[in-house]
Amino acid sequence: MCEEPDMEKNYYVCTGCGLLCDDIEVESEKNVVNKVYTACRVGVAHMKETRGEVNFRVDNKPVDEATAIKEAASILKNARNPLIFGLGTSTNETQKIAIELAKKINATLDDPSSFCLGPLAEALIQDKLKTCTLDDVRNKADVIIYWGTDPSDSHPRHLSKHSYFPRGSEKQRGWEEERTAVAIDVRKSHTAKICGNYFFQIPPKGDTEFIDALIAGLSGKLPKTSYNYPPKKILELANILKGAKFGVVFVGRGLIYSLENLEPLFKLMKILNEKANFHLIPMVGNYNTMGFNENLFAETGYVNSVKFENGTVKHGPEYSIVESLKAKTVDAALIIGSDPLLILPRSISKNMLEIPVISVDNCETLTSKHAKVYINTAISGVESGGSAIRMDGVKVNFEPVIETNNPSDEVILKKIMEAL
Amino acid sequence: MDFGSFLAAPEIEVKVITYRDIFQDKAMLENRFGEEYRDLSAVIKLDPADLKQLSVKKGETVI
């Protein structure tokens with residue numbers, strides 16, 4: 001007998017990157033994800049992440065959950081200045097508990113945005129830059145700039161779902177006729193190849209000069225750079241930008257790392273909005289880094305790098321993970337869903353090997369292997385639900401795809417709080 | 001000490017631009033201690049002209 005086709009489909013949210021795609025179909029059996037439809041290569045790998053048994057360790061020996069929690073609480077209690085770091089792959093709910101925990105133990109609290117797109121997130125939260133949603137981009141955008149970013153690799157469905165290829169409500173003729181995509185980068189990325197003749201290759205650290213030259217071009221002056229970028233090409237770009245009815249600049253780390261501060265970008269956005277209509281969206285990598293920045297800002301007025309001290313909050317680069325490890329000012333670390341030993345330069349991260357580390361993560365990492373306490377948690381967004389903030393500031397709620405015996409990071413942080 | 005001055009082969013200055021791609025990200029999610037991730041993370045691509053200037057042959061150690 002043929003089964004009735006199931007017309008009611010359940011769509012899940014992929015928490016593989018900052019796009020939080022909400023149209024994912026999954027086939028699962030006995031709490032194992034077998035097939036994932038619609039997601040990109042990274043999303044499929046994320047949703048099918050191989051799982052081990054529930055795993056708690058202290059000093060590299062397997063223990064039960066209660067022992068791991070007790071040891072974690074003891075480390076934090078005995079620390080003079082513990083560091084809490086990570087949380088880019090945690091829900092808003094987990095992040096808010098982590099902020100409470102940091103307050104309770106007078107901790108230094110930071111996330112990867114302090115060495116990624118933090119300044120940009122702060123400017124957007126403070127309304128210093130004009131922004132829009134990815135849905136606006138899909139429906140209205142006619143000129144799209146990818147600057148120092150390669151979404152074809154980092155956010156694989158960015159171009160197809162939102163920014164270039166889709167036919168939006170006001171852009172029915174799509175990329176063939178109604179959208180112009182521009183890439184500005186130091187290398188010919190996959191995204192740059194899609195942009196064809198509108199790829200502008202600049203030397204490393206050449207962004208500030210390129211912005212100045214572009215501003216000159218937009219103001220009717222001759223654009224000059226010390227690396228002799230052809231003025232004709234910059235003027236051609238300036239003309240495209242001037243004609244934009246709904247322009248968007250997607251800013252990646254490539255641009256932010258090249259700038260001393262955000263002033264050149266503020267100037268460029270100002271003149272772009274005098275001549276045309278432009279918005280800016282940061283290319284946030286982790287699925288809820290924007291959430292962390294917003295949640296911490298709501299609580300403290302800062303987006304990262306804070307130190308709580310008896311009801312007060314201090315802020316500055318010295319409270320970032322990089323500077324606090326460099327200066328050895330922190331004497332214990334609670335790392336949630338991050339792998340500083342992998343992502344930071346060895347010269348800095350090696351200082352973490354001298355202090356007791358608690359690693360709360362859904363998978364084995366370099367950090368978890370060197371941690372005094374390792375607590376294996378559910379995969380946020382696959383095995384546990386909650387809410388997060390998409391890279392464009394839109395709140396997205398999601399349900400778990402499958403059930404697990406592993407506790408979520410939210411549950412673990414609550415238990416550590418109780419044990420304190 | 002300028003160790004390079006003792007090398008017989010010619011040297012060139014290179015700027016290394018690091019980036020991730022979708023294949024490396026996928027491999028990392030599957031197993032960050034796996035062979036696939038290691039292979040995709042330990043590659044430096046050089047311009048053919050620079051390789052020619054270095055006059056290295058296949059299999060030789062360059063650093």
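How far apart do the C-alpha centres of domain 1 and domain 2 of chain A lie? Keep that in mind while you colour the chain; remember too that this is a predicted model.

**Stop 1: the two domains of chain A**

Select residues 52-115, 287-382 and 402-419 of chain A and give them one colour: the domain assignment makes these three segments domain 1. Now take 118-282 of chain A in another colour, and you have domain 2. The C-alpha centres of domain 1 and domain 2 of chain A are 35 Å apart, which settles the opening question. Next, look at where these domains touch: domain 1 of chain A puts 8 residues into the contact and domain 2 of chain A puts in 4. On the domain 1 side of chain A, the residues that touch domain 2 sort into 3 nonpolar, 4 polar and 1 charged.

**Stop 2: a helix pair in chain A**

Stay in chain A and select helix α2, residues 65-78, together with helix α19, residues 409-419. Their axes come within 9 Å and cross at roughly 60°. How do α2(A) and α19(A) lie to each other? With the cut-off for roughly perpendicular starting at 65 degrees, the pair is therefore oblique. Turn the view to look through one helix at the other, and you should find a right-handed crossing of α2(A) and α19(A).

Now show side chains. From α2(A), pick Ile69(A), Lys70(A), Ala72(A) and Ala73(A); from α19(A), pick Lys415(A), Ile416(A) and Ala419(A). Those residues make the contact. Class by class, the contact of α2(A) with α19(A) has 5 nonpolar residues, 2 charged and no polar.

**Stop 3: where chain A meets chain B**

Bring chain B into view. The contact between the chains draws on 14 residues of chain A and 11 of chain B. To find the chain A side, select α1 (41-47) and α6 (151-154) of chain A, each of which supplies at least two residues to it. Which element gives the largest share of the side of chain A that touches chain B? That would be α1(A), with 4 residues. Colour the side of chain A that touches chain B by class, and it shows 5 nonpolar, 4 polar and 5 charged residues.

**Stop 4: confidence**

Finish by colouring chain B by pLDDT. Its mean is 81, and 81% of the residues of chain B reach 70 or more. Among the elements of chain B, click on helix α1 (residues 22-30) for the highest mean pLDDT, 93, then on helix α3 (residues 48-54) for the lowest, 82. For the complex, the predictor gives an ipTM of 0.87 and a pTM of 0.92.

Definitions and conventions:
Residues numbered from 1 in each chain as written. Chains lettered and ligands numbered in written order. Predicted model: local features only at pLDDT ≥ 70, side-chain atom pairs only at ≥ 80, totals over all residues. Axes fitted to C-alpha atoms, helices over the stretch in contact; angles between N-to-C directions. Parallel < 35°, antiparallel > 145°, perpendicular 65-115°, else oblique. Left-handed = near helix turned anticlockwise from the far one by under 90°. Contact = placed C-beta atoms within 7 Å. Nonpolar A, V, L, I, M, F, W, Y, C, P; charged D, E, K, R; others polar. Domains from an automatic or database assignment. pLDDT = per-residue confidence, 0-100.
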